[in-house]
Amino acid sequence: MSQPDLFVDINVAKGELVIHARPAGTLWRVTNTKAGLAALGRKLARLTDTACVRVGFRASGGYELKLAILLDRIGLVFASELVTTYFESPSLVGDTREM
């Protein structure tokens with residue numbers, strides 16, 4: 001039996017990430033820090049046990065790059081035009097040494 005889809009929309013800002021999971025309607029927030037991203041990663045990884053998790057977010061002036069790297073490391077499918085460019089050619093996006 002296949003797993004149901006769970007669509008996760010993440011609104012990325014400098015100080016926080018606002019996460020909305022559909023169709024469950026769950027809404028939560030984490031700080032856009034190393035600790036907040038780690039907590040988000042753990043929660044999303046747990047969700048993959050019961051659903052096919054698909055993540056979408058918008059480019060937000062570079063604040064989304066750490067999120068994209070996290071999602072890539074835990075093997076989640078995600079969609080974001082700028083982030084796709086980052087993984088294909090990081091030099092087109094800018095300096096990411098502070099990540």
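At what angle do the axes of helix α1 and helix α2 cross?

## Basis of the model

This is a predicted model, in which local features need pLDDT of at least 70, side-chain atom pairs count only at pLDDT 80 or more, and totals for chains, interfaces and linings use all residues. Residues are numbered from 1 along each chain as its sequence is written, and side-chain values use heavy atoms, with hydrogens and water left out.

## The helix pair

The axes of α1 (residues 34–47) and α2 (residues 65–73) cross at roughly 35° and come within 10 Å. Axes are lines fitted to C-alpha atoms, for helices over the stretch in contact, and angles run from 0 to 180 degrees between N-to-C directions. Helices (H or I, at least four residues) and strands (E, at least two) are DSSP runs, numbered from the N terminus.

From α1, the contact (heavy atoms within 4.5 Å) involves Leu 37, Leu 40, Gly 41 and Leu 44, and from α2 it involves Lys 66, Leu 67, Leu 70 and Leu 71.

## The sheet

An open sheet is formed by 5 strands in the order β3-β2-β1-β4-β5, with mixed pairing; two strands pair if DSSP finds at least two bridges between them. At the edges are β3 (26–31) and β5 (77–79), each pairing on one side only.

Strands β1 and β2 form a hairpin with 3 residues between them, and they pair in the antiparallel sense over 6 bridges. Within this pair, Asn 11 stands opposite Val 18 of β2. Strand β2 (residues 16–22) is also joined to β3 by 6 bridges, again antiparallel, and here Ala 21 faces Thr 26 of β3. By contrast, β1 and β4 run parallel, joined by 6 bridges; Asp 9 has Gly 56 in β4 as its bridge partner.

## Faces and core

In a regular strand the side chains alternate between the two faces of the sheet. Along β1, Leu 6, Val 8, Ile 10 and Val 12 point to one face and are buried, whereas Asp 5, Phe 7, Asp 9 and Asn 11 point to the other and are not. Buried means under 20% relative accessible area, exposed over 50%, and partly exposed in between (1.4 Å probe, protein chains only).

The largest nonpolar core (buried Ala, Val, Leu, Ile, Met, Phe, Trp, Tyr and Cys residues joined through side-chain atoms within 4.5 Å) has 22 residues. Those touching the most other members are Val 8, Ile 10, Leu 17, Leu 40, Val 55, Phe 57 and Leu 67. At least two core residues come from each of β1, β2, β3, α1, β4 and α2.
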